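Me: I'd like to go through this one with you, going from the overall picture down to single residues. Here it is.
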Number of protein chains: 2
Amino acid sequence: MSASSAPTLSITSKAKRQRAILDLVRGGVIGTQEELVAELHQRHFAVTQATVSRDIRELGLIRVYHGEAGARYVLPMAELDAELAADRLRNAVDEHVQSIEFVDLLGVIHTNPGCAPLVAGALDGSRFDEIAGTIAGDDTVLVIARSRPAAQRLQRRLTSLPDASL
Amino acid sequence: MSASSAPTLSITSKAKRQRAILDLVRGGVIGTQEELVAELHQRHFAVTQATVSRDIRELGLIRVYHGEAGARYVLPMAELDAELAADRLRNAVDEHVQSIEFVDLLGVIHTNPGCAPLVAGALDGSRFDEIAGTIAGDDTVLVIARSRPAAQRLQRRLTSLPDASL
DNA sequence: CCGTTGACTGCATAAGTATGCAGTCGACCC
DNA sequence: GGGTCGACTGCATACTTATGCAGTCAACGG
């Protein structure tokens, strides 16, 4: 009886709605859940504040004070952080890496002279589960993977970075 | 008439209270403002939820959901980030920097061989207002300051880092 | 000394968010 | 078909946070 528009179309309604919420929040203009409800209605999602509250919790969104403007919902630090770190890594690999080669658990990355610490820093910052640690010389970074499968995943991930992730 | 313990002692009461709040929040066990009020009472700060609300806004604290545990207040990303960056910079300067010299707007930092990119990265990460940009060679980082006063501040800040900031 | 000002706070309450409960719906099983 | 289960949602309301207003106090100037 609450049914007015969602019922038959609602197969993946929740996922779509949450994607819409993320988009709206990225826009940086959402200050309250009621505002979000209003925006969602404009986009033909029939929801109430209660549902939005649950979505926001599931998405891990947080509310921060942005100076004069009052409260705004934003993406969680973890996500922003990850995006930044990924950018940095992509850049570093793009600009300074000559080659990547894996020998068992060890990855050997050749860089331009003097750039190894930079690349290693970018790797560290990306906090790959697969990586136990890195050591940077002058133009070589040694990456120690946690296991063979990890090493393989890592190799795939690193060598496909420049194209795939942008 | 609200006066019970704070009045005469309250000269810098606000600052102390806010420091206490930061400490408590760092502990990671504060879920609501009322909890914070209770903890503060234990530490002999006589405050109400209203004041704590204002403090929290001033301190830029945010509330996040931490899985099962429900909501928790945490330090803002900016602060955590700044702490991390400062650590990194201190480390980098400590470990790899030979000398720092300023010539007008230009800072010339000599590092151990190959470490210049690392140091430059740490500087970039610290987002000093004074710095327009950095260029890293192999064992030298060039820092371009935004103005003469900026250059002076920067010099003071960098040369006093190892001792002062820890 | 007295009035003015600005910082700080509590009280009461408005504003905003979370949640117990019940209803709907599709999937699955008997 | 009817029963059960789990995911999802709205409603009403509890819970939590923000804020308008007024009071207190220290600092300052006349």
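Reply: What follows takes up confidence, fold, the interface, the cores and one arginine, and the model is a predicted one.

Me: OK, what pLDDT does chain A average?
Reply: Chain A averages a pLDDT of 80, and 83% of the residues score at least 70.

Me: Which elements of chain A have the lowest and the highest mean pLDDT?
Reply: Among the elements of chain A, the lowest mean, 47, belongs to helix α7 (residues 161-164), while the highest, 92, belongs to helix α2 (residues 33-42). Outside that ranking, residues 1-11 of chain A have a pLDDT below 50, and this stretch has four contacts in the model beyond near neighbours in sequence.

Me: How many helices and strands in chain A, and how do they run?
Reply: Chain A has seven helices and six strands, and from the N terminus on its elements run α-α-α-β-β-α-β-β-α-β-β-α-α. Buried residues make up 25% of the 166 residues in chain A, and of the contacts in this chain with a separation of 6 or more, 50% are between residues 24 or more positions apart.

Me: Switching to the interface: how many residues of each chain are in contact?
Reply: On the chain A side 16 residues are in contact with 17 residues of chain B. Two elements of chain A, β1 (62-65) and α5 (116-126), give two or more residues to the side that touches chain B, and by class that side has 10 nonpolar, three polar and three charged residues.

Me: And the largest nonpolar core, which residues touch the most other members?
Reply: That core has 40 residues, and those touching the most other members are A:Val119, A:Val141, B:Val119 and B:Val141. At least two residues each come from α4, α5, β6 and α6 of chain A and from α4, α5, β6 and α6 of chain B. There is also a second, separate core of 22 residues, which includes A:Ile56, B:Ile21, B:Phe45 and B:Val52.

Me: What does B:Val119 touch?
Reply: Leaving out residues up to four places away in sequence, B:Val119 touches B:Ala92, B:His96, B:Val97, B:Ile109, B:Thr111 and B:Val141.

Me: Last one, B:Arg17: buried or exposed?
Reply: B:Arg17 counts as buried because 20 other C-beta atoms lie within 10 Å, and the residue is found in helix α1 (residues 13-27) of chain B.

Me: Which residues does B:Arg17 touch, then?
Reply: Not counting residues up to four places away in sequence, B:Arg17 touches B:Leu40, B:Phe45, B:Val47 and B:Asp55. The C-alpha atoms of B:Arg17 and B:His44 are separated by 9.6 Å, with the two residues 27 residues apart along the chain.

Terms used: Residues are numbered from 1 along each chain as its sequence is written. Chains are lettered from A and ligands numbered from 1 in the order in which they are written. This is a predicted model: local features need pLDDT of at least 70, side-chain atom pairs count only at pLDDT 80 or more; totals for chains, interfaces and linings use all residues. Helices (H or I, at least four residues) and strands (E, at least two) are DSSP runs, numbered from the N terminus. A residue is buried if 20 or more other C-beta atoms lie within 10 Å of its own, exposed if 12 or fewer, and partly exposed in between; C-beta atoms are placed from the backbone. Two residues are in contact if their C-beta atoms, placed from the backbone, lie within 7 Å. Ala, Val, Leu, Ile, Met, Phe, Trp, Tyr, Cys and Pro count as nonpolar, Asp, Glu, Lys and Arg as charged, and the others, Gly among them, as polar. pLDDT is the predictor's confidence in each residue, from 0 to 100. A nonpolar core is a set of buried Ala, Val, Leu, Ile, Met, Phe, Trp, Tyr and Cys residues joined through C-beta atoms within 7 Å.
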